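Biologist: Please choose one part of this model and look at it closely, following its contacts outward into whatever surrounds it. I would like the cut-offs stated along the way.

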Amino acid sequence: MAETIDLSGDGGVLKTVVRKAKDDAIAPSDSLPLVDVHYEGTLAENGEVFDTTHEDNSIFSFEIGQGAVIKAWDIALRTMKVGEVAKLTCKPEYAYGTAGSPPEIPPNATLIFEVELVACRPRKGSSVGSVSDEKARLEELKKQRELAAATKEEEKKKREEAKAAAAARVQAKLDAKKGKGKGKGK
């Protein structure tokens with residue numbers, strides 16, 4: 001099981017890495033403050049999904065440190081690298097607090113997000129250095145997305161193989177039980 005890290009120091013924002021990024025992956029910074037993420041948010045109390053980008057495969061973009069998102073995200077996304085997937089547990093004081101966000105999020109709700117950092121970008125009008133640096137960054141991002149897609153496909157195939165093997169074992173047990181009953185009348 002992956003280690004859980006207390007990012008806020010008071011248990012308010014907990015991060016567990018679900019999938020590590022490559023060692024050389026880029027991270028948000030002052031020069032790359034715009035981030036693109038995929039995520040799914042659930043209520044800790046009942047596991048109900050209240051928001052997701054997975055259904056329509058959309059990307060959510062925001063600038064870190066500008067108060068555009070809940071406090072927990074501003075804290076946690078600074079610690080992530082492109083390609084990383086993390087489970088974030090956010091206490092109410094780092095999420096929507098006593099007000100909640102009706103009707104989906106009740107007051108004082110602890111939220112759990114699975115977040116994938118898809119990309120980091122400079123602000124519009126900022127220079128990344130050169131066109132070749134930008135092309136290299138985009139090429140790396142493309143490779144990371146392809147790797148993530150291949151990993152998901154591989155995991156899906158393994159789950160399907162495991163299901164098929166389990167079904168075969170169950171069928172073999174059923175067939176064995178049927179076979180035991182045939183010889184009793186002799």
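Modeller: What follows is a close look at strand S7 and its surroundings, with a short account of the loops at the end.

This is a predicted model, in which local features need pLDDT of at least 70 and side-chain atom pairs count only at pLDDT 80 or more, while totals for chains, interfaces and linings use all residues. Residues are numbered from 1 along each chain as its sequence is written, and side-chain values use heavy atoms, with hydrogens and water left out.

The protein has 2 helices and 7 strands, where helices (H or I, at least four residues) and strands (E, at least two) are DSSP runs numbered from the N terminus. In order from the N terminus, the elements read β-β-β-β-β-α-β-β-α. Of the 186 residues, 33% are buried, a word that here means under 20% relative accessible area, with exposed meaning over 50% and partly exposed in between (1.4 Å probe, protein chains only). Contact means heavy atoms within 4.5 Å, and among contacts between residues at least 6 apart in sequence, 63% join residues at least 24 apart.

Strand S7 takes part in the largest nonpolar core, to which S7 gives the most, with 7 residues. Such a core is a set of buried Ala, Val, Leu, Ile, Met, Phe, Trp, Tyr and Cys residues joined through side-chain atoms within 4.5 Å. This one holds 32 residues, and Trp 73, Leu 77 and Phe 113 have the most contacts inside it. At least two residues each come from strand S3 (34–43), helix H1 (71–77), strand S6 (85–90) and strand S7 (111–121). Apart from neighbours within four places in sequence, Trp 73 is in contact with Val 37, Tyr 39, Phe 60, Phe 62, Leu 88, Phe 113 and Val 115. As a general background, nonpolar side chains in soluble globular proteins tend to be buried together.

A charged residue of the strand deserves its own description. Glu 116 lies in S7 and counts as buried because its relative accessibility is 15%. Its side chain makes a polar contact of 3.2 Å with the side chain of Arg 19; a polar contact is a pair of N or O atoms within 3.5 Å, where within protein one must be able to donate a hydrogen and the other to accept it, and residues adjacent in sequence count only if both atoms are side-chain atoms. Not counting residues up to four places away in sequence, Glu 116 touches Arg 19, Asp 36, Val 37, His 38, Glu 84, Val 85 and Ala 148.

Glu 116 also appears in two linings, which rest on a 1 Å grid over the protein atoms alone: a cavity is a set of points where a 1.4 Å probe fits but cannot get out, a pocket is an open set with protein on both sides within 12 Å along at least five of seven lines, and lining residues have an atom within 4 Å of a point. Grid points are joined across faces, edges and corners, and a volume is the space filled by probe spheres set on the points. There is 1 cavity of 30 Å³ or more, and the largest cavity encloses about 50 Å³. Its lining includes Arg 19, Glu 116, Arg 145 and Ala 148, and S7 and helix H2 (131–180) are the elements that give two or more residues to it. The largest pocket, of about 250 Å³, has a lining that includes His 38, Asn 57, Glu 116, Arg 145 and Ala 148. Here too S7 and H2 are the elements that give two or more residues, and H2 gives the most, with 4.

Past the strand, Pro 122 sits in the loop between S7 and H2 and counts as buried because its relative accessible area is 12%. Its C-alpha atom is 9.4 Å from that of Glu 63, 59 residues away along the chain. Glu 63 belongs to strand S5 (residues 60–63), is buried at 18% relative accessibility, and has a side-chain polar contact of 2.7 Å with Arg 123.

Before the strand, the loop between S6 and S7 holds Pro 103, which follows a cis peptide bond from Pro 102, with omega near 0°. In that loop Asn 108 has a positive phi of about 55° although it is not a glycine. Most residues other than glycine have a negative phi, and most peptide bonds are trans.
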